[in-house]
Amino acid sequence: MNLLLYIVVCSISLPVALTVIVCNNDICVHATSCTSNQCVCENGWSGTECDACDSNNGCDHGVCTDGSCDCDRGWLGEKCETCGSGTCVHGECDSGYTQCACNDGWEDVNCDMCKINDDDVCHHGTCNHDTGKCDCDVGFSGYDCATCGDGTCVHGECTEESGYTECLCDRGWNGTLCDACLSDDACIHGNCDTDTGTCECDAGWSGYNCGTCGPGTCIHGICSGSSCICSGPWTGLRCDTCGSTLCYIGECYTNDYGSDMTCVCYNGWTGGHCDQDAGRAGLVETSILLLVVTGLVWMILRHI
């Protein structure tokens, strides 16, 4: 009989009002304390066991949605309080895994915002603080504008130096993109203007390095890429030299053996280089002859 009474009594559920709640740290998930056997919830949390967020204040790095924290990118945990792999874009989690320790030049919660006053973070570019990203100079790419590639280095090659990539310039060239001449070595048929970093080309030549010939460049020949192919006996950079002789206003001729090159002048011109006005040359010769004759007559008369 006593056993039956015990079973009946234990089978009866007590009213809710008579239920005793014993709270402790294990039961009160997000509480500041346990008072009068009730959990006193932290700001942003509610519920008997303080296990339901009721505002964004309860989520360290996220938003409260239907009583649970919806974490921001990279953050973990019930309160979005834990950082992990990939959370800190340009940095690392601290020892407590509660916040990011950013690399030099970067800031913000996820270390994904470049510092606008840091000149080092964007190696070949500038920091755009509206977007938090680096705006790269022409030819460079990457989150820190430190990556060069094919076509970046105009007169050089992309190589790794000092921990990031940069242009290693050809001889005679300088600048971030190796696009500024440094000496005359850079200018094939011209001279380098170091003030502007550009080549000043000789007559008939063009291009960034004065290596391009065109119409009118090759006087007695044809242009082939960056050089002249001379015809007949002509030679020189512009095919304007007859052997070692320059024929200005005339034609260069040679014998059947390719030797004895000489200038045959056009009408009205004379001289070994066809650079003298024949009329003036004749006048000069006549004047000299008259002077010689006059001198001889004077000497004869003097001795009579």
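Tutor: A disulfide is a pair of cysteine sulfur atoms within 2.5 Å. The model discussed here is predicted, and a search of the whole structure finds 21 disulfides.

Student: Why is the pair Cys-28 and Cys-39 called a disulfide?

Tutor: The sulfur atoms of Cys-28 and Cys-39 are 1.8 Å apart. The cut-off is 2.5 Å, and therefore the pair qualifies.

Student: What makes the disulfide of Cys-28 and Cys-39 left-handed?

Tutor: The torsion about its S-S bond is about -80 degrees, so the disulfide is left-handed. Cys-28 lies in the loop between helix H1 (2–11) and strand E1 (31–35), while Cys-39 belongs to strand E2 (residues 38–41), 11 residues apart.

Student: How do you know whether Cys-28 is buried or exposed?

Tutor: Buried means under 20% relative accessible area. Cys-28 has 7% relative accessibility, so it counts as buried. Cys-39, with a relative accessible area of 15%, is therefore buried as well.

Student: Why does the link of Cys-122 and Cys-134 count as a disulfide, and which hand does it have?

Tutor: The S to S distance is 2.0 Å, and the limit of 2.5 Å is therefore met. The torsion about the S-S bond is about -75 degrees, so this disulfide is left-handed. Cys-122 sits in the loop between strand E12 (113–114) and strand E13 (125–128) and Cys-134 in strand E14 (residues 133–136), so the bond ties together parts 12 residues apart in sequence.

Student: What makes Cys-122 and Cys-134 buried?

Tutor: The relative accessible area of Cys-122 is 3%, so Cys-122 is buried. For Cys-134 the value is 10%, so Cys-134 is buried.

Definitions and conventions: Residues numbered from 1 in each chain as written. Predicted model: local features only at pLDDT ≥ 70, side-chain atom pairs only at ≥ 80, totals over all residues. Heavy atoms only, no water. Helix = DSSP H or I, 4+ residues; strand = E, 2+ residues; numbered from the N terminus. Buried < 20%, exposed > 50% of the residue type's maximum accessible area, 1.4 Å probe, protein only.
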